[in-house]
Amino acid sequence: GTLDTIQTRFTLTGPARRIAFDEKGQKLDLTLQGRANDIATLCNIGLPYDDDALGSARLQMENQSSNVTQIKTDIALRQDALSLVGQVRRTAGGRRIAGTLAFRMADILPLLGTGDGPQSLSAQGDVQIVSDPDSLAFSALDATIGEGKVSGEGVVNLTADRPKLNANLKADGLSLDWALPNYGAAGWSDAPMKWSAFARSDVDVELGGTNLRFGQFAVEDVTARLKLLGGVLEAPQITGRAMGGTFEVELLAEGGMLNPYFSVQSRFADIRPTPFLASVYGVGPFMAPLSGSLVLSGRGTSARDMMGSLGGEMQFELGGGVLRFIDASVFTALAAAETFEGRAISLLQRPDVQGETPFARGIGLIDIRDGQAIRSTLDLVFDADSALQEGRFSGQFDFVSRDLLADFALSPEGSNKELLWQLSGDITAPEIRVDAAAFDRVAPPIEAASPSALPHSAAPN
């Protein structure tokens, strides 16, 4: 038969010539076929499919006794599949279903409310479930999300106005790129930003993670407790290790029926950013431990609006380290040599100059307002025996356009001259111009002698 647009096939068999759903040996076989979106809606699966995508569902039941029924369910929705094998028991509180749920999903981002970008996030695995009218409990979760693994157990309370999840989850090797805003060929997206998952349920979850990635930022381990209530997410103490150092983060975010908003307060110590910088630029310009604090917040209904609203401040300090693109002692010695003539910029191309320069420490500040780092400074301090007396970075950065405009200057000891690096353009691939003209030693042009100055014997006829 048909059920609206869905084709149906129903078979009921039993030991007696009558319909008796609670009789031992009674078997039921129901098959549905039709459009994937119609099957998904009927089965309460909140994933969208193309209009022409097909799907099917099959339910098989066999009574083991008057109170126990074996159940097997298979659902196929285009490239997605779910299956449940278990038992239904009739109890005083209602029917209880217990079994193993296996799943294979091509993209779960629509479930998370972030499915508008070019990315997708697959999920597959299995989990033990126990479902009754008041709750859904799960255990022994063994899932592969993208290239990472997720395990854990929890329970969803179904008695309140909004479902509430209490869970303990662990992740390893998980990429969280999908949670980051996407910067495409046209820049940040103007599409409405959906944090709709904030409205689906309340949450109280203990999280643990190892070897996680946010873009090119690696986190060795992290622990957190997340509480989501009425569309407001609070994580008062996220702690972990990243890039060889430690961090603490306090997170507040809003979504669902509220306009997307986030606020982060963090402290970090002994972070080693050189590998991260090298992954972005091909080389890490310095090597030193980084410590400090960051306060950052933003609100917006699109990625572009969010970036344009960013505000906060970062204060940081570099411990003793090295600049990895110049050996200032070699450069200054060559530039001061009596035998040197020419443009000093040529000295920077020499292999012996492209070395390292130690510094004692650095102090920095980034002031962010209305989506712009209106002031970014870093002052380097050198030891008394260093070839340099001063180093300073200063610049501005626009988070919406990603344009950077900055200078980095180094001044040799006992000199008012400076080497200057000027950076401009996209922060991920800035144009760099070097000015070493202060150290040039170019001989003045030789003027041709006038005839009257020539000896008499050499004068022209």
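**Exercise 1.** Which residues form a negative surface patch? Then place aspartate 435 in the chain and classify its exposure.

Solution. This is a predicted model.
- Step 1: Glu390, Asp407, Glu418 and Asp435 make up the negative surface patch.
- Step 2: Aspartate 435 lies in strand 29, which covers residues 431–435.
- Step 3: Partly exposed is the class between the buried cut-off, under 20%, and the exposed cut-off, over 50%. Aspartate 435 has a relative accessibility of 34%, so it counts as partly exposed.

**Exercise 2.** Find the strand order of the open sheet of three strands and explain why strand 19 and strand 23 stand at the edges.

Solution.
- Step 1: The open sheet has the order 19-22-23, and the pairing is antiparallel.
- Step 2: Strand 19 (286–287) and strand 23 (357–359) each have a single partner strand, so one side of each lacks a neighbour in the sheet.
- Step 3: Strand 19 and strand 22 (residues 321–323) run antiparallel and are joined by two bridges. Phenylalanine 286 has leucine 323 in strand 22 as its bridge partner.

**Exercise 3.** Locate arginine 78 and aspartate 370, and describe the phi of each.

Solution.
- Step 1: Most residues other than glycine have a negative phi.
- Step 2: Arginine 78, although not a glycine, has a positive phi of about 55°. Arginine 78 sits in the loop between strand 5 (68–77) and strand 6 (80–91).
- Step 3: Aspartate 370 also has a positive phi, near 50°. The loop that holds aspartate 370 runs between strand 24 (361–369) and strand 25 (372–381).
- Step 4: The relative accessible area of aspartate 370 is 65%, so this residue is exposed.

Notes:
Residues numbered from 1 in each chain as written. Predicted model: local features only at pLDDT ≥ 70, side-chain atom pairs only at ≥ 80, totals over all residues. Heavy atoms only, no water. Pairing = 2+ DSSP bridges. Helix = DSSP H or I, 4+ residues; strand = E, 2+ residues; numbered from the N terminus. Patch = residues over 30% accessible without salt bridge, like charges linked within 9 Å, V, L, I, M, F, W, Y side chains within 5 Å. Areas by Shrake-Rupley, 256 points an atom, 1.4 Å probe, with all protein chains shown as cover. Salt bridge = Lys/Arg side-chain N within 4 Å of Asp/Glu carboxyl O. Lys, Arg positive; Asp, Glu negative; His and termini not counted. Charge placed at Lys NZ, Arg CZ, Asp CG, Glu CD. Buried < 20%, exposed > 50% of the residue type's maximum accessible area, 1.4 Å probe, protein only.
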